[in-house]
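User: Please take a close look at one part of this model, the open sheet, and describe how its strands are ordered and what packs on them.

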Amino acid sequence: MALLPVEQALENILAGTSPKKEVILPLIQAGGRVLSQDLKAQRTHPPFNASAMDGYAVNNNDIKDLPSTLKVIGEASAGGAFDDKIQSGEAVRIFTGAPVPEGADCIAIQENCNRDGDMVTVLEDAPQGKFIRPMGLDFTKGDIGLKVGRQLDSNALALAASMNHAELPVYTKPKVAILATGSELVYPGETPSADQIIASNTYGIAHIIRENGGEVLDMGIIKDELDTLKETILSALEQGADIIVTLGGASVGDYDLVHPAFTQLGAEFAFWKVAMRPGKPLMFGTINGVKILGLPGNPVSSLVCGEVYLKPLVLKSCGLPYENLTKQAFTKTSLQENDQRQDYMRAYASINNGQIEVEAFSRQDSSMLKTLSEANCLLIRPPYAKSLEIGESCEILPIGLIN
């Protein structure tokens, strides 16, 4: 099979992807989720004309000639309305958030007033409507305050609460099963034998899943045994996995059993080689409607493919749009011409005089996680890209903070 271009591979992976289910969650638990329906206000806010300042509720006609002395006939506080009507020559002591009494049309703020017993002298004019928040200033009952597809951040949650929603309709988190394959792998904290290595990919891939709204189903390390791998795949399906991600075993060696294991269980594959570096042995298919993403075993290859393919797949499965996050930068190093595979070079970018400058690391071996941890972007070299000199424009994919 010919190597598939990166853009076409991503298009195939995302095709037909959408959120699976809807669930109703308490407001306090809905943070980070995505609304599955438009959310309408169940009340008007403010529900009454409210004072925006501490002071005195008065009628503007009574303070035309300054200073004006008025009789204080009562008090209005937040949650404690003054229920009578203000008549000419009268004022009500009022506090921020309190309902404005009938007959008042402005607030004389306390800094501009002198109080003496039951009398208050207003020293400065307050035009009609001054320091009053009119009823419905923010929204009215029935208004759509939050639209379907909105990810619920702190601001959205506060608005939902203000609209009097105790529960919210949201999409379920996609459940992503991770299968780390390879008899050479042991868990962090264990003592590997001379021919074993520590399994690291699971933890980076799990973070990508969680960071973008997914739920991780860790299926552990699976030895290079066909029956064991098939049993683990079936277990992931039984546990409701929406996506199955395999780590390693997606190539064509004698011990690369991911493809035959899935195939024997009825899976169909769209491709298993992509024209990119690192990450050529990438596999994609479906089994019983569940998407399969086979990532390479090399740590850097796995994590780069996680950024390029898994991240957008999880986002779309959550109900979130995936936008092209690449940025233009100027290279601080010269770069050789590229071959037929799209290259994702670990690099460090910074902002200088408003422009992004990027420097690719000199060593790019796909086993070097330390280099990846020091990078804050991937410098993208398209297939057959020409050589670049220092200061020429290039494209980067941020994977960390650029400042």
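Analyst: The model is a predicted one. Its open sheet has 6 strands, in the order S16-S13-S17-S21-S20-S18, and the pairing is mixed. The edges are taken by strand S16 (215-222) and strand S18 (268-271); each has a single partner strand, so one side of each is left without a neighbour in the sheet. From one strand to the next, the twist averages 20°.

At the S18 edge, the partner is strand S20, residues 283-287. S18 and S20 run antiparallel and are joined by 3 bridges. Within this pairing, Phe 271 has Phe 284 in S20 as its bridge partner.

Helices also lie against these strands. Helix H1, made of residues 6-14, lies across S18, S20 and strand S21 (290-295). The direction of H1 is at about 150° to S21. Helix H4, residues 226-238, packs on the sheet as well. H4 touches strand S13 (175-181), S16, strand S17 (243-247), S20 and S21. The angle between the directions of H4 and S16 is about 165°. S20 and S21 are thus among the strands listed for H1 and among those touched by H4.

A separate point concerns the cysteines. The count of disulfides is 0. Cys 113 is in no disulfide, and the nearest cysteine sulfur, in Cys 106, is 9.8 Å away. Cys 113 is buried, at 10% relative accessible area. For Cys 305, the closest cysteine sulfur belongs to Cys 377 and is 17 Å away, which is too far for a bond. Cys 305 is also buried, with a relative accessibility of 0%.

Notes. Residues are numbered from 1 along each chain as its sequence is written. This is a predicted model: local features need pLDDT of at least 70, side-chain atom pairs count only at pLDDT 80 or more; totals for chains, interfaces and linings use all residues. Side-chain values use heavy atoms; hydrogens and water are left out. A disulfide is a pair of cysteine sulfur atoms within 2.5 Å. Buried means under 20% relative accessible area, exposed over 50%, partly exposed in between (1.4 Å probe, protein chains only). Two strands pair if DSSP finds at least two bridges between them. Helices (H or I, at least four residues) and strands (E, at least two) are DSSP runs, numbered from the N terminus. Axes are lines fitted to C-alpha atoms, for helices over the stretch in contact, and angles run from 0 to 180 degrees between N-to-C directions. Contact means heavy atoms within 4.5 Å.
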